[in-house]
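Reader: Before I use any geometry from this entry, I would like a close look at a single part of it, namely its sheet. Please go through the strands, their pairing and whatever lies across them.

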Amino acid sequence: MKALCWEGKQKVSIQNVPDPKILNPHDAIVKVTTAAICGSDLHLYDGYIPTMKKGDILGHETMGEVMEVGPLVKKVKVGDRIVIPFDIGCGSCEHCINEEFSACDNTNPNAILADKLYGYSGSGIFGYSHLYGGYAGGQAEFIRVPLVDTNSLVIPKGIEDERVIFLSDIFPTGYMAAENCNIKPGDTVAIWGAGPVGQMAVRSAFLLGAERVIVIDHYEARLKMAEEAGAETINFDDSASILEELKFRTGGVGPDACIDAVGLEAHGHTLTANLDRIKAAAFLATDRPDVLRQTLQACKKCGTVSVPGVYGGVLDKIPFGAAFGKALTIKMGQTHTQKYMQPLLEKIIDGKIDPSFVITQRVKIEHVPEAYRLFSEQKEECIKVVIDLH
Amino acid sequence: MSQSTTQNQTSLPLHRPLKLDRHKTHHSITIRRSPSEVYEFWRNFENLPRFLKDVIDIQVLSPTRSRWKIKLKSGLTAEWEAIITDDEEGKQIAWESLADAEVETNGVVQFLKAPAHRGTIVVLSMNYEVPGGKLTEWSTFFTGEDPDTLTQINLKRLKAYLETGEFPTVEGQSSGRREEEKPRITH
């Protein structure tokens with residue numbers, strides 16, 4: 001089959017690789033019909049996530065048709081159309097029982113590595129480095145899905161792929177980010193990053209009852225997409241101080257909640273942002289957390305900072321005193337996708353949201369390497385790429 | 001105190017039951033299965049090679065004696081006979097290698113009831129002494145783990161198997177690598 005393989009920093013290619021096969025009794029093999037490139041794939045592309053190996057198949061936003069199931073699969077059937085969550089849960093450990101699927105105890109075969117790095121390992125993740133299990137991803141014609149009864153949402157007939165593909169990651173991720181804000185009537189939510197997760201967070205914040213949503217970015221096309229959902233926007237290229245601007249716009253109070261939908265590769269013009277770039281380039285730091293700093297600084301007293309953006313390592317100069325001094329609540333982490341897939345599918349079916357609005361490019365598998373380059377370099381014109389496979 | 005009362009009590013805090021020498025390992029893991037289920041699985045020694053990555057084979061010679069064979073990093077193997085020195089149903093199993101065995105080892109595994117409905121805390125403590133410098137060779141083909149790390153991996157495998165019915169793996173999956181370029185993950 002054809003698959004998108006990681007070759008090294010900023011180098012991916014399409015290769016012919018063997019078709020996947022059932023390796024465990026709860027596995028399924030899925031013919032991928034639609035996949036997508038995630039903003040967090042760019043962290044892999046740019047070499048920020050350690051333990052990638054040449055030849056790894058990328059992709060964790062995937063859906064398709066079940067071709068084969070292992071002998072112990074109970075619910076999913078051959079022929080089912082399923083969306084596959086990016087995180088891999090076992091469905092039976094303490095965390096999965098508590099719907100904390102991305103904290104699953106049992107799906108990362110390399111858990112001992114993450115234990116040593118983070119204290120305890122999270123779940124395995126498709127196509128997201130050997131630290132997260134080394135599972136082959138879904139930017140390929142076929143994918144093996146472990147523990148498929150837990151890691152799937154069966155899609156009813158008659159709903160096009162593009163309306164539901166984002167249940168695999170960015171819609172639940174944006175939704176959990178907004179849910180973590182504990183939104184109350186009248187609340188203002190500020191969101192850094194108008195990329196795909198930020199866009200989903202904007203709409204989710206409104207669905208959850210936010211009065212105002214203010215989005216910060218510097219790509220006009222992305223800000224415009226946020227405005228279409230009713231958000232106010234700040235282009236940080238035009239703003240002397242985002243913090244002052246937010247304080248002014250919220251009547252001196254500050255946003256009730258701040259969402260960092262950017263993560264470890266923040267761009268910006270502050271002194272600390274420039275220092276981060278230099279340190280990361282010299283391998284003196286692992287992450288460029290300037291957005292996280294701003295959210296902690298901007299958030300109102302006793303407010304909430306929600307972090308769906310990905311961080312990987314040890315962060316420098318985080319204003320923890322501001323977080324403590326204002327008694328902030330900070331919520332974060334990989335999304336427990338399985339918990340959100342069914343209720344969010346219902347919102348799609350009910351017409352409350354159609355997540356396909358975010359798509360700007362559609363490509364065939366042969367053109368995915370080019371799409372990575374475009375997504376990495378042309379954020380103005382390229383917001384979300386979907387891959388049309390079968 | 002009746003057995004059932006004992007099983008309903010949490011046996012916390014954990015203590016370390018063995019006085020340990022130079023080479024020692026202590027690890028614990030929580031498994032969502034009852035102490036009697038985990039005990040039953042462990043006590044059937046023929047189950048152990050399924051989750052102990054380094055163990056090739058365990059032959060049960062009698063209700064208390066067994067013969068162990070493990071693989072070493074360089075492709076060599078080591079074998080010894082062990083005898084069960086203590087066996088309390090649903091609670092703990094202790095063993096030691098017979099005198100003159102190539103590998104000198106003793107250990108105890110305890111099955112403690114975890115709080116609320118969290119299942120069983122398995123506590124594994126082992127001493128091991130491998131003469132002739134073979135200790136550094138005690139590790140698997142795949143990963144080159146030391147015995148201490150291997151113990152942690154083995155306990156995780158036990159948990160995964162008892163909770164899910166399978167071991168998580170990516171061995172044999174597709175990639176854009178040729179077989180000889182397979183990544184060697186050293187833990």
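Author: Two strands count as paired here when DSSP finds at least two bridges between them. The model is a predicted one, and in chain A, strands β10 (residues 188–192) and β11 (residues 212–217) are joined by five bridges, so the pair satisfies that criterion, which asks for at least two. These two strands run parallel, and along them A:Thr188 stands opposite A:Arg212, a residue of β11(A).

The β10 and β11 pair belongs to an open sheet of six strands in chain A, which reads β12-β11-β10-β13-β14-β15 in order and has parallel pairing. At its edges stand β12 (232–235) and β15 (329–332) of chain A, and because each has a single partner strand, one side of each is left without a neighbour in the sheet. Going from one strand to the next, the twist averages 20°.

A helix of chain A, α10 (residues 290–298), lies across four strands of that chain, namely β10, β13 (257–260), β14 (304–307) and β15. The strands that α10 crosses thus include β10, the partner of β11 described above, as well as β15, one of the edge strands. Relative to β13(A), the helix α10 runs at about 180°.

For a side-chain detail elsewhere in chain A, A:Arg203 lies over the face of A:Phe357, at 3.7 Å from the ring centre.

Terms used
Residues are numbered from 1 along each chain as its sequence is written. Chains are lettered from A and ligands numbered from 1 in the order in which they are written. This is a predicted model: local features need pLDDT of at least 70, side-chain atom pairs count only at pLDDT 80 or more; totals for chains, interfaces and linings use all residues. Side-chain values use heavy atoms; hydrogens and water are left out. Axes are lines fitted to C-alpha atoms, for helices over the stretch in contact, and angles run from 0 to 180 degrees between N-to-C directions. Contact means heavy atoms within 4.5 Å. A charge sits over a ring if NZ of Lys or CZ of Arg is within 6 Å of the ring centre and within 35 degrees of the ring normal.
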